[in-house]
Amino acid sequence: MNYIKFLIGGAAAAALSLCVVSCGGDDEEPKADDKTGPGWSADEKENVEKITSDEEAKEYLGETAQMAMRMIEPADQKPLIEVAGAFANDYADYDIIIPNGQQAPRNERRALKRFFSELRRATASGRYTDLSRAAQNVLELSTFTGTFEPDNSREAFVMTGRGSDLVVRFFHNGSRCELKVTPSSDTWTLDSAELTDSVFDAVKVPRNITFTLTEASRQLVNGTVRSNWADGSELLLSTDVTAMNIRVTAEINATNSTATTNSAVYVDGTELIKASGEIKGNKMVTLSAIEALEEEYTEKYYYGPGEYDYWEETYHEINPEKAANMFRSGSANAKLLGRVYLTAQAKDSKKFLELEDTYFEEDSDEPGEAQKDCKKACSILNSAVAAKLYLAGNSKETATLKWQPLKYEENYNWGSYTSWECDPTLAFADGSTYSISDYGYADFSSLISSFENLAYAYERMFNALF
């Protein structure tokens, strides 16, 4: 059961409401500010269009979606998608072999694979804010240096030269490709002895990192990552990455009580999307508190009738109630092309703990139960998150975000599979509802990642450190 998608990362369009969790803890209770009004610029207010009916609103929203879609030419991203996809396919299982005396990141193989997989997924799916996720992986890759090239006989990247940068070389269709990560000499230090059982006494992380990805003489990606973590005081993680003609900026700045996130997507220099969010919480940058969110779970899987015919799997997962004591309330807003503005607020999202799975599989023994459970989850989301949509510089909302059950059915040779999912919809005053996916790019799918990345930033920082 994945509460965390709703609690920290957000799920589907719930993420654009920044589904953070509720009250708890012993500190003074932070209050969510009422940030539900539209934040139009002076020019956008001046150029306000009069929309007098729901039909005009739907047409305007559809036009905005078409404008956004016309800005994106999939062919522009094709070279990057092909290179990133080739790496993920050809080198996914390659280890990085570090000579004695150098410290590799804990998940060095996965960090490289994640970098390329996330580049490909973000550009291929059009969720361009996910490019900031790929950029965050270079935190792990900046902890060691040297030039590494593939040794196919060993299925590993081996060091072929020393230097102050990390350079990973590989080949795609006969052309040499190169990922170059350049860490700054200016670092911040974190005492991590207690959190790592003295495996590391202290970890040094570069404050600034630059990186590039090239194929032959062509640059596919370039970016920067800035970071700082003062235990109990501040967390900063900022990324600025350009992939072909798409530029994405994202910054998370947090104290123990407040975390803000800001992101934007530009296409050929023109702003497509801008989004921001704020979380009120407790001990959000205290490492011992964050580390305590995770608990160890062990499950037994029996493969026979005997008492000892089983194998065990141990894993770590964030305890949702503990997370609820840390991330308490939140607000968010997002703007598309200066024409569509969406605000959302979760003042007390403790109700998210009542949610069941984010999908509901139909059980043939109890038909209808999955739909019933999904309806209950939709009701919880509708009461926990207040989201409004504004159009064309107007100060009065045009529609609200509501949730309704959506049925998925797939047929196979052996039978069929049915499940239900909470589907975000736009509810207009005339009583009509439209799935936001009906509007194509106006479904704000990229905004989902904007807020998921707040949680993802914590994960990336921990992977880099430990």
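This passage walks through a predicted model of a protein chain, going from the whole fold down to a few single residues.

Starting with the big picture, the protein chain contains eleven helices and 22 strands. Of its 466 residues, 51% are buried. About 21500 Å² of the chain is left exposed, and 43% of that area comes from carbon and sulfur atoms. The contacts also say something about how the chain folds back on itself. When contacts between residues at least 6 apart in sequence are considered, 61% of them link residues at least 24 apart.

How far to trust each part is the next thing to look at. The mean pLDDT of the protein chain is 78, with 79% of the residues reaching 70 or more. Confidence bottoms out in helix H1 (residues 4–9), where the mean is 30, and peaks in strand E8 (residues 208–215), at 97. Across residues 1–35 the pLDDT is below 50, yet the model still gives this stretch 127 contacts beyond near neighbours in sequence. Another such stretch covers residues 440–451, where pLDDT stays under 50 and the model has 52 contacts beyond four places in sequence.

Helix H10 is a good one to pick out by eye. Spanning residues 369–384, H10 has 16 residues, and the distance from its first C-alpha to its last is 23 Å, close to the 22 Å expected at 1.5 Å a residue. Which residues of H10 are buried? They are Ala-370, Cys-374, Ala-377, Cys-378, Ile-380, Leu-381 and Ala-384. These buried residues sit on the same side of H10, because they cover an arc of only 160 degrees around the axis.

Further along the chain come three strands that pair up in turn. Strand E19 (residues 386–391) and strand E20 (residues 399–412) are antiparallel partners, held by two bridges. In this pairing, Leu-389 has Ala-399 of E20 as its bridge partner. E20 also runs antiparallel to strand E21 (residues 415–428), this time with 14 bridges joining the two. Here Glu-409 is matched with Thr-418, its bridge partner in E21. The link between E20 and E21 is a hairpin through two residues.

Within E19, one residue to look at is Ala-387. Is Ala-387 buried or exposed? Its relative accessible area is 5%, so Ala-387 counts as buried, the cut-off being under 20%. Leaving out residues up to four places away in sequence, Ala-387 touches Thr-343, Ala-344, Thr-400 and Leu-401. The C-alpha of Ala-387 also lies 9.5 Å from that of Ser-331, a residue 56 positions away along the chain.

Lys-180 belongs to another strand, E5 (residues 175–183). With a relative accessible area of 31%, Lys-180 is partly exposed, because that value falls between the 20% and 50% cut-offs. Where does Lys-180 make its contacts? Setting aside residues up to four places away in sequence, Lys-180 touches Asp-165, Leu-166 and Val-167, along with Thr-210, Phe-211 and Thr-212. Val-167 is 13 residues from Lys-180 along the chain, and the C-alpha atoms of the two are separated by 4.5 Å.

How values were computed
Residues numbered from 1 in each chain as written. Predicted model: local features only at pLDDT ≥ 70, side-chain atom pairs only at ≥ 80, totals over all residues. Heavy atoms only, no water. Helix = DSSP H or I, 4+ residues; strand = E, 2+ residues; numbered from the N terminus. Buried < 20%, exposed > 50% of the residue type's maximum accessible area, 1.4 Å probe, protein only. Contact = heavy atoms within 4.5 Å. Areas by Shrake-Rupley, 256 points an atom, 1.4 Å probe, with all protein chains shown as cover. Expected span 1.5 Å × (residues − 1). Arc of directions from axis to C-beta. Pairing = 2+ DSSP bridges. pLDDT = per-residue confidence, 0-100.
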